[in-house]
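Biologist: Please take me through one small part of this model in detail, and then work outwards from there. I'd like to know what sits around it and how the pieces hang together.

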Amino acid sequence: MSVPFRYFSYGASVEPALWSVFRQSHRIVKIAEGSNDGLVSVASSKWGDYKGTLVNVSHLDLINWTNRLRWLVWEMTGNKRK
């Protein structure tokens with residue numbers, strides 16, 4: 001017996017800052033596939049029930065590493081989480 005599954009997806013697009021770690025990869029993906037989050041193109045993120053494109057959101061934002069990196073820098077500078 002097969003169980004029906006529903007799949008949902010979002011895409012993201014960003015224009016990275018000059019200092020962004022995604023600057024180079026964004027350029028390469030943009031030439032090949034168009035708008036992207038620095039690693040994944042919007043076109044390739046569309047599968048299942050596509051819910052839309054998040055604007056000004058990077059790949060790190062999507063996987064919540066932006067906050068982790070902020071906390072790491074915060075702690076490396078001698079600050080403590082509250």
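Modeller: Let's start with Leu 54, which has a relative accessible area of 33% and is therefore partly exposed. Keep in mind that this is a predicted model. The label follows from the cut-offs: buried means under 20% and exposed means over 50%, so a residue in between is called partly exposed. Leu 54 belongs to strand S2, which covers residues 49-55. On the surface, Leu 54 joins Tyr 10, Leu 62, Ile 63 and Trp 65 in a nonpolar patch of about 470 Å². For the whole protein, the exposed area is about 6600 Å², and carbon and sulfur atoms supply 61% of it.

It helps to see where S2 fits in the overall order. The protein has four helices and two strands, and from the N terminus they run β-α-α-β-α-α. Just after S2 comes a loop leading to helix H3 (59-62), and Asn 56 sits in that loop. Asn 56 is worth a click: its phi is positive, about 65°, although the residue is not a glycine. With 61% relative accessibility, Asn 56 counts as exposed.

Now go to the residues of S2 that come before Leu 54. Lys 51 and Asp 49 form a salt bridge, with their closest N and O atoms 3.3 Å apart. Neither partner is buried: Lys 51 is partly exposed at 43%, and Asp 49 is also partly exposed, at 32% relative accessibility.

Both of those residues also show up in the surroundings of Ser 9, a residue of strand S1. Setting aside residues up to four places away in sequence, Ser 9 touches Ser 45, Lys 46, Trp 47, Asp 49, Tyr 50, Lys 51 and Gly 52. Ser 9 counts as buried because its relative accessibility is 5%. What does the side chain of Ser 9 reach? One partner is the backbone oxygen of Trp 47, at 2.7 Å. Another is the backbone oxygen of Ser 45, at 3.2 Å.

Trp 47 has a second role, this time through its ring. The structure has one aromatic pair. That pair is Tyr 7 with Trp 47, arranged edge-to-face with 5.8 Å between centres and 65° between the planes. Tyr 7 lies in the segment before S1 and Trp 47 in the loop between H2 and S2, so the pair ties together parts that are 40 residues apart in sequence. Both rings belong to partly exposed residues, with Tyr 7 at 49% relative accessibility and Trp 47 at 45%.

The other salt bridge is somewhere else. There are two in the structure, and this one joins the side chains of Glu 15 and Lys 30 at 3.1 Å, N to O. Here distant parts of the chain are linked, since Glu 15 is in the loop between S1 and H1 while Lys 30 is in helix H1, 15 residues away. Glu 15 counts as exposed at 57% relative accessibility, whereas Lys 30 counts as partly exposed at 41%. Apart from neighbours within four places in sequence, Glu 15 is in contact with His 26 and Lys 30. Glu 15 also brings us back towards the loop after S2: the C-alpha atoms of Glu 15 and Val 57 are 8.8 Å apart, although 42 residues separate the two along the chain.

One more stop, at the other end of H1. Ser 41 lies in the loop between helix H1 (23-33) and helix H2 (42-45). Is Ser 41 buried or exposed? Ser 41 counts as buried, because its relative accessibility is 2%. The side chain of Ser 41 makes a polar contact of 2.5 Å with the side chain of Glu 33. Beyond its neighbours within four places in sequence, Ser 41 is in contact with Val 29, Glu 33, Ser 35 and Asn 36.

Stepping back, Ser 9 and Ser 41 are both among the buried residues, and 28% of the 82 residues in the protein fall in that class. Contacts that span long stretches of sequence also turn up in the overall count: among those between residues at least 6 apart, 53% join residues at least 24 apart.

Methods: Residues numbered from 1 in each chain as written. Predicted model: local features only at pLDDT ≥ 70, side-chain atom pairs only at ≥ 80, totals over all residues. Heavy atoms only, no water. Buried < 20%, exposed > 50% of the residue type's maximum accessible area, 1.4 Å probe, protein only. Polar contact = N/O pair within 3.5 Å; in protein donor to acceptor, adjacent residues only side chain to side chain. Contact = heavy atoms within 4.5 Å. Areas by Shrake-Rupley, 256 points an atom, 1.4 Å probe, with all protein chains shown as cover. Patch = residues over 30% accessible without salt bridge, like charges linked within 9 Å, V, L, I, M, F, W, Y side chains within 5 Å. Salt bridge = Lys/Arg side-chain N within 4 Å of Asp/Glu carboxyl O. Phe/Tyr/Trp six-rings, centres within 6.5 Å; stacked < 30°, edge-to-face > 60°.
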